[in-house]
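Grab a coffee and work through these short exercises with the structure open beside you. Each one sets a task and then walks through a solution.

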Amino acid sequence: MTERVIPIADQRYAAALPHIPTLPIASTGLLADTLGRPLRDLRISVTDRCNFRCGYCMPKEVFDKNYQFLPQGSLLSFEEITRTARLFAAHGVQKIRLTGGEPLLRKNIEVLIAMLSELATPDGEPLDLTLTTNGSLLAKKAQALKDAGLQRVTVSLDALDDGIFRRMNDADFPVADVLAGIEAAERVGLGPIKVNMVVQRGTNDHQIVPMAQHFREHLGGKIILRFIEYMDVGETNGWRMDQVLPSAQVIARIHDAFPVRAIDANYTGETAERWRYADGRGELGVISSVTQAFCHDCNRARLSTEGKLFLCLFATQGHDLRSLLRSDYSDEQIASAIGLIWQGRGDRYSELRASQQADTGSGAKRVEMHYIGG
Ligand code: SAM
Ligand code: SF4
Ligand code: SF4
């Protein structure tokens, strides 16, 4: 496969111009990468902007008033996103997650959701359509999202203590408003709701048990709380291994307070390891992206706000699908280009990090989380 790295005016990460193969790659839903991994999950970032400044994602010192976010014309339009998503669904994607930045800041996001909710798998099944949000606008938007066809939401919440939460979002945003958003989402039927907490040792690890207790005791124990290991994504968060609290320790702390037992995964490639409270008060999960790499069955592709396809959260280079979408290529040609890219995928950064083979040094710039989504 020949790839050309092309400079683009608003370019912030390297991008290769995708190659259109001479022989079409049919959309059979059976695509596999070089490690035999299928393509099942597409995460679409709909904006690189956010109203929070979580230190592990968009530290204020970097993402200040001088930071140049993508100009409007760079963003994929709703039509471009939907067309791309349709081609991915034909290749086997069953689940679409909208993310960002903060996806609820994208104007008329419910219009995009309505368009995506029309898509189906090759077997005619509706796609699993979900969205990850910081919850700040959820109380206001939950009903419109549900009406548009969104099935579920995942809400990020790093602490119950208002002072700690305000410091962590670095926008002085109160925890009560996020909790109100979660309640509204539950009320309108955007469940099962997952709540994601990124655990940073020394910053919010003492919030683990209070968070577990809260979600056991509220909303009928229906919320699934998941603890995420703090990851070395991007180049700006100053990540250090000693800030990571291994999931095994998270579970040990919870188990001391409320006994838990492990339960089976829902499906292959599920990122969270699942646990259930022994007294039946609901489910929780841990996502051990650092201490237990799950690259071997990683079936996720990521589409950036400006239409670059990334094959790994830790990629340094994307594939510029937008340039194809804005040329005269047919659906078949673009689908073939996507097929070829996936067939060439060999990414497994977390496994290599674990075996200390990953290039964690300078070199090419790693993509930022707010740009590519979680
Ligand atoms: N703004 C939305 C939100 O916060 O839910 C969606 C985008 S955010 C980039 C998606 C997820 O990535 C969030 O759950 C966030 O906590 C997580 N995240 C961001 N930076 C991270 C890091 N360094 N390590 C682990 N998770 C991170
Ligand atoms: Fe914004 Fe989400 Fe990143 Fe926090 S994690 S800064 S809410 S994009
Ligand atoms: Fe997937 Fe890359 Fe994460 Fe491994 S490091 S699980 S390949 S996104």
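**Exercise 1. Take stock of the fold: how many helices and strands does the protein have, and how compact is it?**

Step 1: Start with the secondary structure. This is a predicted model, and its protein comes to eleven helices and 14 strands.

Step 2: Check the radius of gyration. It is 20 Å, close to the 21 Å that the globule rule gives for 374 residues, so the protein is as compact as a globular protein of that length.

Step 3: Look at the outer dimensions. Along the principal axes, the C-alpha atoms fill a box of roughly 60 × 45 × 45 Å.

Step 4: Now inside versus outside. Buried residues make up 56% of the 374, while the exposed area is about 15,600 Å², with carbon and sulfur atoms supplying 50% of it.

Step 5: Finish with the contacts. Take those between residues at least 6 apart in sequence: 74% of them join residues at least 24 apart.

**Exercise 2. Work out how strand 4 sits in the structure: which residues are on each side of it, and which strand pairs with it?**

Step 1: Count the buried residues, using under 20% relative accessible area as the cut-off. For strand 4 (residues 95-99) that gives five of the five, so the strand is largely enclosed by the rest of the structure.

Step 2: Sort them by face. In a regular strand, side chains alternate between the two faces of the sheet. Here K95, R97 and T99 lie on one side, I96 and L98 on the other, and all are buried.

Step 3: Find the partner. Strand 3 (residues 41-45) pairs with strand 4 in the parallel sense over five bridges; D41, for one, has K95 as its bridge partner.

**Exercise 3. Compare the shells around ligand 2 and ligand 3: what classes of residue make up each?**

Step 1: List the neighbours of ligand 2. They are C50, F52, C54, Y56, C57, M58, G101 and N134. By class, that's six nonpolar, two polar and no charged residues.

Step 2: Turn to ligand 3. It has 13 residues around it, the closest being C295, C298, C312, L313 and S350. Strand 12 (300-303) and helix 10 (349-354) each supply at least two residues of this shell.

Step 3: Sort that shell too. Ligand 3 gets seven nonpolar, one polar and five charged residues.

**Exercise 4. Is Q200 buried or exposed, and which residues does Q200 touch?**

Step 1: Locate Q200 in the loop between strand 7 (194-199) and helix 6 (208-217).

Step 2: Read off its relative accessible area, 11%, which makes Q200 buried.

Step 3: Leave out residues up to four places away in sequence, and Q200 touches Y56, M168, D205, Y230 and Q243. One of these, Y56, also appears in the shell around ligand 2.

How values were computed:
Residues numbered from 1 in each chain as written. Chains lettered and ligands numbered in written order. Predicted model: local features only at pLDDT ≥ 70, side-chain atom pairs only at ≥ 80, totals over all residues. Heavy atoms only, no water. Near = heavy atom within 4 Å. Nonpolar A, V, L, I, M, F, W, Y, C, P; charged D, E, K, R; others polar. Helix = DSSP H or I, 4+ residues; strand = E, 2+ residues; numbered from the N terminus. Rg over C-alpha atoms; globule rule 2.2 N^0.38 Å. Buried < 20%, exposed > 50% of the residue type's maximum accessible area, 1.4 Å probe, protein only. Contact = heavy atoms within 4.5 Å. Areas by Shrake-Rupley, 256 points an atom, 1.4 Å probe, with all protein chains shown as cover. Pairing = 2+ DSSP bridges.
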